[in-house]
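User: Hi! I have a protein model open and would like to learn how to read it. Could we go through it together, one question at a time?

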Amino acid sequence: LRSCSPGRARRTNASRRACLVTRFGDIYAQERLDAETLLRTYISDMEMVQRIIYIAAVESFHAAKMAYRQFKIRVRETLSLGHSGPESLEDTVLDYIVRHEDLYDVQASVNEVIRSMNISPKISFPPEIDFIVISTLIRELCRVAFSMQTLVPPLDIAFGTDGELFSETKYHRSFDSDFTAALVAYHVWPALMENDVVIVKGEAVTKR
């Protein structure tokens with residue numbers, strides 16, 4: 001008979017969520033600024049620097065979510081062979097992933113992010129330099145994004161497009177914004193979402 005007691009992953013869900021939300025904020029405050037300072041040594045255009053960092057964040061979440069899905073499929077296939085309970089197979093899989101997050105090949109995700117950034121039409125980089133210079137930021141974003149997939153419900157970032165209507169609930173305006181402008185010129189940092197509800201505001205630049 002199936003036990004009604006939740007798995008370890010579900011029992012620790014609230015505390016892990018709180019830590020990950022804090023970590024996301026820390027990356028915005030620390031690693032993002034470090035990456036910005038580093039990029040400014042190669043690129044004088046601040047808008048391009050901020051676009052690069054935003055796309056790095058978006059691509060990091062995308063790569064980490066893909067890696068998580070593949071990792072989960074492999075774990076489920078392995079554990080299903082000998083699974084007998086008392087927890088459901090899904091809970092057992094989740095518990096295993098939470099306990100063995102160190103098995104996540106974060107470097108493969110970093111490489112994937114850099115590949116995607118190299119072909120992005122929205123950003124450019126001096127040919128003698130590689131996006132690998134901001135790999136510390138990318139690695140930390142991939143790690144936090146992967147861990148956020150183990151939450152119930154998982155956390156994700158908001159989808160943002162240039163020219164979208166500025167949302168007060170989703171973003172803070174950057175200090176150099178035109179505060180009377182209604183449209184987003186470009187994004188600086190993504191908003192963090194849970195079930196389509198904003199839990200941490202992102203940052204955007206509005207201009208006429």
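User: Let's begin with the aromatic residues. How many aromatic pairs does the structure hold?

Analyst: Good place to start! Keep in mind that this is a predicted model. Two rings count as a pair if their centres lie within 6.5 Å. The number of aromatic pairs that the structure holds is six.

User: What kind of pair do the rings of phenylalanine 24 and phenylalanine 61 form?

Analyst: A pair of aromatic rings is described by the distance of the centres and the angle of the planes. Here the centres of phenylalanine 24 and phenylalanine 61 are 6.2 Å apart, and the planes stand at 85°. Planes over 60 degrees apart count as edge-to-face. So the pair of phenylalanine 24 and phenylalanine 61 is edge-to-face.

User: Which helices does that pair link, and how many residues apart are the two partners?

Analyst: Phenylalanine 24 sits in helix H2 (residues 13–29), while phenylalanine 61 belongs to helix H4. The pair therefore links distant parts of the chain, H2 and H4, with the partners 37 residues apart.

User: And what kind of pair do phenylalanine 24 and tryptophan 189 make?

Analyst: For phenylalanine 24 and tryptophan 189, the ring centres are 5.6 Å apart and the planes are at 40°. Planes under 30 degrees apart count as stacked, over 60 as edge-to-face and the rest as tilted. That is why the pair of phenylalanine 24 and tryptophan 189 is tilted.

User: Where does tryptophan 189 lie, and how many residues apart are the two members of this pair?

Analyst: This pair also connects distant parts of the chain. Phenylalanine 24 is in helix H2, and tryptophan 189 lies in strand S3 (residues 184–189), 165 residues apart.

User: Are phenylalanine 24 and tryptophan 189 buried or exposed?

Analyst: The word buried stands for under 20% relative accessible area, and exposed for over 50%. By that rule, phenylalanine 24 and tryptophan 189 are both buried.

User: Which residues form the aromatic cluster?

Analyst: We have already met phenylalanine 24 with two partners, phenylalanine 61 and tryptophan 189. A tyrosine joins them, and the one aromatic cluster is made of Phe24, Tyr28, Phe61 and Trp189.

User: Now the helices. Why is H3 called oblique to H4?

Analyst: Helix H3 (residues 31–40) packs against helix H4 (residues 46–80) at an angle of about 135°, and their axes are 10 Å apart. Angles over 145 degrees would be roughly antiparallel, and 65 to 115 roughly perpendicular. An angle of about 135° fits neither, so H3 is oblique to H4.

User: How do the residues of that contact divide into nonpolar, polar and charged?

Analyst: H3 brings Arg32, Ala35, Glu36, Leu39 and Arg40, and H4 brings Met46, Val49, Gln50, Ile52 and Ile53. Sorted by type, the contact of H3 with H4 has six nonpolar, one polar and three charged residues.

User: Is leucine 94 buried or exposed?

Analyst: Leucine 94 is part of helix H5 (residues 89–99). Its relative accessibility is 9%, and the cut-off for buried is under 20%. Leucine 94 therefore counts as buried.

User: Which residues is leucine 94 in contact with, leaving aside its neighbours within four places in sequence?

Analyst: With those neighbours set aside, the contacts of leucine 94 are Ala9, Tyr68, Thr150 and Val152.

User: Which residue does a cis peptide bond join to valine 152?

Analyst: The clue is omega, which is about -5° for this cis bond. The partner is found in the loop between helix H7 (135–148) and strand S1 (155–157). The residue joined to valine 152 is proline 153.

Technical notes. Residues are numbered from 1 along each chain as its sequence is written. This is a predicted model: local features need pLDDT of at least 70, side-chain atom pairs count only at pLDDT 80 or more; totals for chains, interfaces and linings use all residues. Side-chain values use heavy atoms; hydrogens and water are left out. Axes are lines fitted to C-alpha atoms, for helices over the stretch in contact, and angles run from 0 to 180 degrees between N-to-C directions. Helices (H or I, at least four residues) and strands (E, at least two) are DSSP runs, numbered from the N terminus. Angles under 35 degrees count as roughly parallel, over 145 as roughly antiparallel, 65 to 115 as roughly perpendicular and the rest as oblique. Contact means heavy atoms within 4.5 Å. Ala, Val, Leu, Ile, Met, Phe, Trp, Tyr, Cys and Pro count as nonpolar, Asp, Glu, Lys and Arg as charged, and the others, Gly among them, as polar. Buried means under 20% relative accessible area, exposed over 50%, partly exposed in between (1.4 Å probe, protein chains only).
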